[in-house]
Amino acid sequence: MPRNIIDVTDLTVEEINELIATAEDIIASPAKYQAACAHKQLATLFFEPSTRTRLSFESAMLALGGSVLGFSEAASSSTAKGETVGDTVHTVSCYADIIAMRHPKEGAPFAAAQFSEVPIINAGDGGHNHPTQTLTDLLTIHREKGRLDGFTIGFCGDLKFGRTVHSLVNALSRYENIRFVLISPMELKLPRYVKEEALKKRGIPYEQTDSLDAVMPKLDILYMTRVQKERFFNEEDYLRLKDSYILTPEKLENAKADLSILHPLPRVNEISVAVDRDPRAAYWKQVKNGKFIRMALIMKLLDIQV
Ligand code: CP
């Protein structure tokens with residue numbers, strides 16, 4: 001059976017730490033890795049839109065000397081003729097050595113993996129999980145803070161539908177002494193199942209609030225998120241909630257001097273462009289880190305050592 005990454009807990013903490021170390025080495029010595037995946041092929045199967053995840057996966061494989069194939073919308077594949085996801089993935093696994101797949105349905109990559117002859121990486125499934133964004137976030141936190149334990153992190157915005165939040169809460173709950181502050185409107189609170197599995201089961205204390213201003217001074221990391229328009233059933237609700245939080249330079253006046261501001265992107269309106277000039281803004285570095293950690297993950301799943 002190939003090794004799949006469907007959920008961030010498919011990797012042990014030790015494996016995540018090793019991936020971060022490999023990514024750091026790639027950043028320091030990229031030339032060492034330029035032929036690591038020569039003659040290997042990555043397929044990117046994106047049934048849902050993406051800029052960063054798909055292109056960073058493809059850029060990662062090209063930087064490793066491999067090649068890429070795939071599609072960026074379901075309409076250009078035989079899905080449009082009624083082919084099942086299982087048959088599509090089975091087919092592509094005959095052509096590629098590894099597959100990164102995004103799908104709007106929760107659980108689709110897990111189901112598809114049952115039909116694959118090669119490793120499947122979940123590149124985002126509906127409002128559920130996004131494990132490689134979490135690896136990107138962890139690498140960014142490690143580079144900004146020098147550690148992955150002993151800090152207070154605030155998650156702000158759409159914690160209900162934000163799959164990057166679910167995966168990162170799950171991952172960080174396995175590190176020591178992390179304090180979680182969950183900032184959202186009532187309607188967009190972190191789902192009960194994430195709180196139960198990641199926080200309550202491990203006895204990790206957390207606080208929930210709707211006021212970013214009230215908790216800003218205590219945060220070491222602020223993880224902003226977009227309100228996920230595509231997951232709403234009702235446009236009226238989206239319009240009412242979409243601007244619940246807008247981070248501006250003024251809002252940061254009470255923040256710590258060494259705060260790190262993360263956002264998985266894309267952003268819509270929740271971080272003003274003026275914040276980009278703040279040295280605490282780490283989200284553009286986060287974008288770059290996504291390529292390096294995916295390089296490390298591809299090598300791991302293909303069992304390639306350099
Ligand atoms: N962070 C992220 O998943 O971005 P894309 O939707 O552009 O891939």
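1. A good place to start is Thr 51: one of its backbone N or O atoms lies 2.8 Å from an oxygen atom of the ligand. Please keep in mind while reading that this is a predicted model.

2. Two further polar approaches involve nitrogen on the ligand side. Gln 133 places a polar side-chain atom 3.0 Å from a ligand nitrogen. Leu 265 contributes through its backbone, where a polar atom is 2.9 Å from a nitrogen atom of the ligand. With the protein in place, 92% of the ligand's own 250 Å² of accessible area is covered.

3. Where does the ligand sit? You will find it in the largest pocket. The residues around the ligand include the run Ser 50, Thr 51, Arg 52 and Thr 53. Arg 102, His 130 and Gln 133 are also part of this shell, as are Pro 264, Leu 265 and Pro 266.

4. How do the residues of the shell around the ligand divide by class? There are 5 polar, 3 nonpolar and 2 charged residues. Arg 52 and Arg 102 are both in the shell, and arginine belongs to the charged class.

5. On the cysteines, a search of the whole structure turns up 0 disulfides. Two of the cysteines are worth a look in your viewer. Cys 37 counts as buried because its relative accessibility is 0%, under the 20% cut-off. Cys 94 has a relative accessibility of 51%, so it counts as exposed, the limit being over 50%.

Terms used:
Residues are numbered from 1 along each chain as its sequence is written. This is a predicted model: local features need pLDDT of at least 70, side-chain atom pairs count only at pLDDT 80 or more; totals for chains, interfaces and linings use all residues. Side-chain values use heavy atoms; hydrogens and water are left out. A residue is near a molecule or strand if one of its heavy atoms lies within 4 Å of it. A polar contact is a pair of N or O atoms within 3.5 Å; within protein, one must be able to donate a hydrogen and the other to accept it, and residues adjacent in sequence count only if both atoms are side-chain atoms. Accessible areas come from the Shrake-Rupley method with a 1.4 Å probe; for residues, only the protein chains shown count as cover. On a 1 Å grid over the protein atoms alone, a cavity is a set of points where a 1.4 Å probe fits but cannot get out, and a pocket is an open set with protein on both sides within 12 Å along at least five of seven lines; lining residues have an atom within 4 Å of a point. A molecule sits in a cavity or pocket if more than half of its atoms lie within 2 Å of its grid points. A disulfide is a pair of cysteine sulfur atoms within 2.5 Å. Buried means under 20% relative accessible area, exposed over 50%, partly exposed in between (1.4 Å probe, protein chains only).
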